Amino acid sequence: MLTVVSILTTTALFSLAMLLVLGSLLRSPVAGVREWFFANLAMVVSLPLLALRTAIPDFISIVVANVIMSLAGAFYYAGCARFLGRPVPWRRMLAGVTLVGVAMIVWRYVDANLPLRVVASTTFNTIICIAIGMILLRHRPRDRSPYNFWFAALMSFLFATTQMVRGLYFLTLTPDESLAMLNNVWNISLLTVGAVVMPTLTMIAVMMVHDAMLAKVEHALNHDHLTGALTRKRFESIARDLLAGVQPIQPSALLLIDLDHFKRINDTHGHAGGDDVLRAFVQTARGFMRPGDALGRLGGEEFGLLLPATTAADAAAMAESLRAQAEGQTVTGEF
């Protein structure tokens, strides 16, 4: 029993360390951090309760501890869902947590059966970990490095496997055998793998948050904050890269665009009105863009539209179509 207590205590300390790290990120605008924080808080609370078995009432060390630990898995999934912009199935998850609590009560106070209690908790953990792995693989952002998402999914599936094997292992035991088998080498091995995975998943979550924050900073540096078009510096950089990759025999075009009478718009409707016109124009221009084209704000009401692999005639036709649509567009706003 001492070995099990040592594993639970060590895991609690790891979770506490991750809790402090996530606490420092609570003020970040990245979705999911708060849920991941509560997942680790639940682990920090539940693991000592499990370790104090026989020293505190069974209702706390068995029922309450397992319910809180199940909540940890639910909160971690919720953090992944929110981070990826997906809905959180709170009703289904809380129903599962409730079933775990009912199972703990029934198989402790109605029919004392440790193997079935282990099966109940490991079944919930297996399902929630498979769900975590699946949502990370199916909905990972395509413009981000896949490493963190694949690693987190792999750890989730590993955790699910260890939980499933542990549940099946205890299912083969009788209630009398199960207590004696808690310190069996197989149970200790499965507990050790399972104990390491939650802090590891949290560490990966922190890596995903860091990656998301860097992506936001990079986007802010490379895009005009008002219109969302590329900044002049980034536009020139992309233009050089695009032109360097174009074969000499392929024609390319650059449209230099200046919105007429823009000063009159500012003088008549104020700068807020001018801002609305700039945003509306960029939105219109994007409707004409193809994959590989680049739109940048060069300054004020001046824009550049780079068109790789485009003949002068095609560029002129596109320019005329864009001019005609912009001329006929009505811009509304709080002027």
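**Exercise 1.** Determine how many aromatic pairs a search of the whole structure finds, and classify the pair formed by tryptophan 36 and tyrosine 76.

*Solution.* The search of the whole structure yields nine aromatic pairs. Rings of Phe, Tyr and Trp (its six-membered ring) pair if their centres lie within 6.5 Å; planes under 30 degrees apart count as stacked, over 60 as edge-to-face and the rest as tilted. For tryptophan 36 and tyrosine 76, the ring centres are 6.0 Å apart and the planes stand at 40 degrees, so this pair is tilted. Tryptophan 36 belongs to helix α2 (residues 33–51) and tyrosine 76 to helix α3; with these positions 40 residues apart, the pair links distant parts of the chain. The model is predicted: local features need pLDDT of at least 70, side-chain atom pairs count only at pLDDT 80 or more, and totals for chains, interfaces and linings use all residues. Residues are numbered from 1 along each chain as its sequence is written, and side-chain values use heavy atoms, with hydrogens and water left out.

**Exercise 2.** State which element of the protein chain has the lowest mean pLDDT and which the highest.

*Solution.* The term pLDDT is the predictor's confidence in each residue, from 0 to 100. The protein chain has a mean pLDDT of 83, and 87% of its residues reach 70 or more. Helix α7 (residues 175–180) has the lowest mean among the elements, 56, and helix α4 (residues 90–110) the highest, 95. Where pLDDT is low, the predicted coordinates should not be read in detail.

**Exercise 3.** Describe how α2 and α3 are oriented to each other.

*Solution.* Their axes (lines fitted to C-alpha atoms, for helices over the stretch in contact, with angles from 0 to 180 degrees between N-to-C directions) come within 8 Å and cross at roughly 160 degrees. Angles under 35 degrees count as roughly parallel, over 145 as roughly antiparallel, 65 to 115 as roughly perpendicular and the rest as oblique. The two helices α2 and α3 are therefore roughly antiparallel.

**Exercise 4.** Identify the residues through which α4 and α5 meet.

*Solution.* Helix α5 (residues 114–138) packs with α4 at an angle of about 170 degrees, the axes being 8 Å apart. The helices α4 and α5 are therefore roughly antiparallel. Contact means heavy atoms within 4.5 Å. From α4, the residues include Trp107 and Arg108; from α5, they include Phe124 and Ile128.

Note on methods: Helices (H or I, at least four residues) and strands (E, at least two) are DSSP runs, numbered from the N terminus.
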